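Dear colleague,

I am passing on the structure we spoke about, with the sequence alongside. Please have it open while you read the notes underneath.

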Amino acid sequence: MAREGFYILDSDLHMMEPGDLWDRYLEGSARANPPRMFGEQQKKVVNEKGDKGGTDSIRGMEVQGLAIPAFAKQQEAAASSRELRRRSRARHPHFAVARAQGFDAPSTLTAMDIEGIDVAVMYGTRGRQILCHDDLSPDYAAALARAYNNWAYDYCKTDPQRLKFAAQIAMHNIPAAVEEARRCVKELGAVAVIGTPNPVNGQHLHDMACEPLWTELESLDVPIGFHPTGNSSLKDDAARRYVGHAQFFPIAHAIRNPVELMGAIASMTTGGIMERHPKLRAAFLEGTAGWVYWWLWRLDDQWEKYGQGCEHKLSMLPSEYFKRQCYIALDADEEPAVDVVKKMGAEYFVVSTDYPHSDGAFPDAMKQFLGLELNNDQRRKILWDNCAKLYGIPKPAAPLTREFTAAA
């Protein structure tokens with residue numbers, strides 16, 4: 001039976017890509033220079049005991065001679081990450097199983113059973129991070145995206161009814177991004193495209209150069225899911241100013257995700273994208289949601305004061321575009337978001353466990369969510385209905401998890 005009577009659709013579950021993905025999946029001339037993964041202190045990944053392929057030990061990448069993340073040499077950041085991972089992996093014996101299997105699809109399906117998740121939309125980890133450098137050559141960036149997407153497709157083939165994937169695109173070249181989005185949706189069955197909320201090479205989402213992408217996604221009828229990442233070397237990143245300073249990691253991580261999503265919401269609404277593309281859907285993931293009510297108020301306030309002098313006119317307030325076309329993910333234990341759900345209505349919210357990332361709450365994410373002071377109608381919308389509308393996923397005839405009580 002479904003967990004406590006609810007079908008559950010995870011809006012943003014993660015794959016942990018193996019270090020040899022690029023050697024196996026890169027095509028053409030890019031094969032001559034694949035990314036190289038490294039562990040702490042910029043050493044080549046050495047498999048820790050029980051960590052198949054070093055999948056859980058990867059801390060950074062060297063891509064065309066460029067380091068990702070920007071703080072790869074900061075030992076304090078490595079120490080913070082290592083300690084969080086140690087505590088996370090001690091929470092449940094399944095982590096030892098998943099590490100031994102290289103966080104493969106079967107181990108992910110078992111984790112979904114433990115949480116009670118029926119269907120998950122899969123986002124990348126290194127596949128998300130690998131494109132977060134402005135100086136990647138556009139052709140090479142496009143090849144990285146294609147390789148990741150082919151790997152993600154193979155990963156999700158293990159159980160395509162339960163594992164859906166969001167396709168990666170490289171914003172370094174918009175025509176190539178359009179072509180890859182079309183290929184992934186039409187040929188591979190991707191249910192979304194992953195969006196970079198930051199500007200890439202100074203290009204903002206609402207710059208007219210990006211218009212072909214929004215037109216294509218509207219035509220394909222798939223959403224864009226904006227997802228920040230902690231391992232970024234993008235020059236325009238809210239966390240970069242803290243690199244090299246004390247207490248870097250908690251400060252930078254607290255700031256980056258919500259601030260970058262705030263900018264993406266502003267571009268999509270106030271920047272006019274949703275005005276020009278009324279059927280486009282967007283999700284804003286892994287940056288919490290307790291701030292969204294205030295942020296939409298702020299955007300409305302500033303548009304009413306300054307918007308009349310802008311280059312492009314809007315027919316609605318920014319908040320109205322958000323409510324018509326957008327969704328935002330709250331954290332499973334995000335008590336401050338409860339008041340926002342009650343103020344705005346539950347129709348705009350989805351939830352994620354963030355498994356298997358160290359800052360997620362596995363195996364108790366759904367337990368924590370169900371402990372929030374929401375009624376069953378609000379829970380039903382957040383756990384399934386809204387996410388199903390976002391990604392266009394039909395409800396199964398029966399729950400897809402194996403018996404929850406046995407899995408737990």
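What follows is a short account of the sheet, of the helices beside it and of one arginine.

Please keep in mind throughout that this is a predicted model.

I begin with the sheet, which is open and has eight strands in the order E1-E5-E6-E7-E8-E9-E10-E11, with parallel pairing. The edges are formed by strand E1 (9-14) and strand E11 (349-352), and because each of these has a single partner strand, one side of each is left without a neighbour in the sheet. From one strand to the next, the twist averages 30°. Within the sheet, strand E7 (residues 192-195) pairs with strand E8 (residues 224-226) in the parallel sense over three bridges, and Gly-195 is found opposite Phe-226 of E8.

Gly-195 also leads to the arginine, since it is listed, together with Glu-17, Gln-168, Ile-194, Thr-196, Pro-197, His-227 and Thr-229, among the contacts of Arg-128 once neighbours within four places in sequence are left aside. Arg-128 itself belongs to helix H5 (residues 126-129). Arg-128 is buried and yet has no salt bridge, the nearest side chain of opposite charge being that of Asp-12, 8.7 Å away.

Turning to the helices, helix H9 (residues 248-269) lies across E8 and strand E9 (282-284), and runs at about 160° to E9. Helix H12 (residues 318-325), by comparison, lies across E9 and strand E10 (326-331), and runs at about 80° to E10. In H12 the buried residues are Pro-318, Ser-319, Tyr-321, Phe-322 and Gln-325; these cover an arc of only 160° around the axis, and therefore sit on the same side of H12. They pack against H9, helix H10 (273-276), E9, H11, E10 and H13.

Helix H13 (residues 336-344) can be described in a similar way, with Ala-337, Val-338, Val-340, Val-341 and Met-344 buried. Their arc around the axis is only 165°, so they lie on the same side of H13, whereas the face turned away from that buried side carries the exposed residues Pro-336 and Lys-343. The packing partners of the buried residues of H13 are helix H11 (292-306), H12, E10, E11 and helix H15 (376-391). After H13 comes Gly-345, which has a positive phi, near 100°.

With best wishes

Methods: Residues numbered from 1 in each chain as written. Predicted model: local features only at pLDDT ≥ 70, side-chain atom pairs only at ≥ 80, totals over all residues. Heavy atoms only, no water. Helix = DSSP H or I, 4+ residues; strand = E, 2+ residues; numbered from the N terminus. Buried < 20%, exposed > 50% of the residue type's maximum accessible area, 1.4 Å probe, protein only. Lys, Arg positive; Asp, Glu negative; His and termini not counted. Salt bridge = Lys/Arg side-chain N within 4 Å of Asp/Glu carboxyl O. Contact = heavy atoms within 4.5 Å. Pairing = 2+ DSSP bridges. Axes fitted to C-alpha atoms, helices over the stretch in contact; angles between N-to-C directions. Arc of directions from axis to C-beta.
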